Amino acid sequence: MTPKNDKYAIGKNLLIAVMTAVGLFSAIIFLSNSWIKIVTISLIAIMIIGWLVSHGLLRQTLKYTLLAVTIFSLSFATFEGYARGHIEYPPTFGTSQPGVTISYPHILDVSLIEAVQSVKNTLAFKLLMLEHPGETIIGIIALVTIDYQGGRIEFILSQQASNSFFNAMGRNPISFSAQNGEAYKIYDVPTVSLTDNALTASQIPPQQQTSNKSLQQIDDLGLQWYYNCAIEAYQNKTGIIPEITGLRISFCNYGSFQSGDMTYEGPSLEILGSDDYNNSPFGRSVFLANFQPNGTLNLINILK
């Protein structure tokens, strides 16, 4: 081999080594924790070891296989970053107020099933389903107008892995959150505290059918119906009709609390009503009502 060929071979191997290092770095740092990350890192490591100890045709084959896996790692990390950063706007929640995702009283017209579907239609959600096979469980849905950033909608999704391998990998619940009229963003959420019951995400069991049935029951009655019941209960206790300017509506797939002699465990819908006392962006809490999905009022707390 001539010196020129030696330099060419060294340069080519150096380029592959650099690309491999970059590909391995991108797989470790930028790929989210999933079976794709595990397989990619494992393949790169195996290819590196094989390339170093092999000779002849096998070495050439491993070299180009390593290059292909490296290119995949870089490409997929770029695609994943794009998918997570370019999530569609929530299509269900348009209002006449520019820049506001959820506003009062439009919040009472929201269909929870359509809201969930708006998340499932996003490219980011489909990618997450590829990376984490299994059933998606709706843990918590929060619709909030009481927010200095102009309204928020948030979904906490848990997953039931399709087999023991995926289940053993473990995964925090995922939050799709949109606020101030912006697109959804994705967060990993080890702990969730969106309701006054301060439930943790680990307390939400994998009950896909329960979730679907509960959301359908709520949609059949409509959020406006639950709100009217809460106002009526408030009026029965106080003798006055409250002036409500903001709401926080939270659906929780699994909850447990006690009110007087009653203990309830299961899905619930919680409505917190507020007014604009002293023009506070968060308002002043007026009442807290908690319902079973079938419309049964669990409790009404008078806060003002």
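This short presentation covers the helices, a surface patch and the salt bridges of one protein.

Good morning. The model under discussion is a predicted one. The protein has 304 residues, and 44% of them count as buried. Its secondary structure consists of eight helices and eight strands. The accessible surface comes to about 15300 Å², and carbon and sulfur atoms contribute 58% of that area. As for contacts with a separation of 6 or more, 62% join residues that lie 24 or more positions apart.

I begin at the N-terminal end, with helix α1, which covers residues 3-29 and contains Leu-14. Leu-14 belongs to a nonpolar surface patch together with Val-18 and Val-22, and the accessible area of the three together is about 260 Å². Is Leu-14 buried or exposed? Its relative accessible area is 55%, and because the threshold for exposed is over 50%, Leu-14 counts as exposed. The spacing within this patch recalls a general point. An α-helix has 3.6 residues a turn, so residues three or four places apart point the same way.

Next come two helices whose lengths can be checked. Helix α2 runs through residues 35-53, and its 19 residues should span 27 Å at 1.5 Å a residue; the end C-alpha atoms are 27 Å apart, in agreement with that expectation. Its buried residues are Ile-36, Lys-37, Thr-40, Ile-44, Met-47, Gly-50 and Trp-51. Helix α3 comprises the 30 residues 56-85, for which the expected span is 44 Å, and here too the end C-alpha atoms agree, at 44 Å apart. The buried residues of α3 include Leu-62, Leu-66, Val-69, Phe-76 and Ala-83, and among them are also the charged residues Lys-63 and Glu-80.

Helix α4 covers residues 112-120, and its buried residues are Leu-112, Ala-115, Val-116, Ser-118 and Val-119. Where do these residues lie around the axis of α4? They cover an arc of only 155 degrees, which means that they are on the same side of the helix.

I turn now to charge pairs. Side chains of opposite charge can pair when their charged atoms come close. The count for this model comes to four salt bridges.

One of them joins Glu-154 to Arg-152, with the closest N and O atoms 3.6 Å apart. Both Glu-154 and Arg-152 are buried.

Another salt bridge is formed by the side chains of Glu-270 and Arg-248, at 3.6 Å from N to O. This pair links distant parts of the chain, since Glu-270 is in strand β6 (residues 262-275) and Arg-248 is in strand β5 (residues 246-259), 22 residues apart. Glu-270 has a relative accessible area of 5% and is therefore buried. Arg-248 also counts as buried, at 16% relative accessibility.

The last group centres on the end of β6. Asp-275 forms a salt bridge with Lys-304, and their closest N and O atoms are 3.3 Å apart. Which parts of the chain does this pair tie together? Asp-275 lies in strand β6 and Lys-304 in the segment after β8 (297-302), so the linked parts are 29 residues apart in sequence. Asp-275 counts as buried, with 7% relative accessibility, whereas Lys-304 is partly exposed, at 48%. Salt bridges with shared partners join Asp-275, Arg-284 and Lys-304 into one network.

That concludes the presentation. Thank you.

Methods. Residues are numbered from 1 along each chain as its sequence is written. This is a predicted model: local features need pLDDT of at least 70, side-chain atom pairs count only at pLDDT 80 or more; totals for chains, interfaces and linings use all residues. Side-chain values use heavy atoms; hydrogens and water are left out. Helices (H or I, at least four residues) and strands (E, at least two) are DSSP runs, numbered from the N terminus. The expected span of a helix is 1.5 Å times one less than its number of residues. Buried means under 20% relative accessible area, exposed over 50%, partly exposed in between (1.4 Å probe, protein chains only). Patches are made of residues with over 30% relative accessible area and no salt bridge: like charges are joined within 9 Å, nonpolar side chains (Val, Leu, Ile, Met, Phe, Trp, Tyr) within 5 Å. Accessible areas come from the Shrake-Rupley method with a 1.4 Å probe; for residues, only the protein chains shown count as cover. Contact means heavy atoms within 4.5 Å. The arc is that of the directions from the helix axis to the C-beta atoms.
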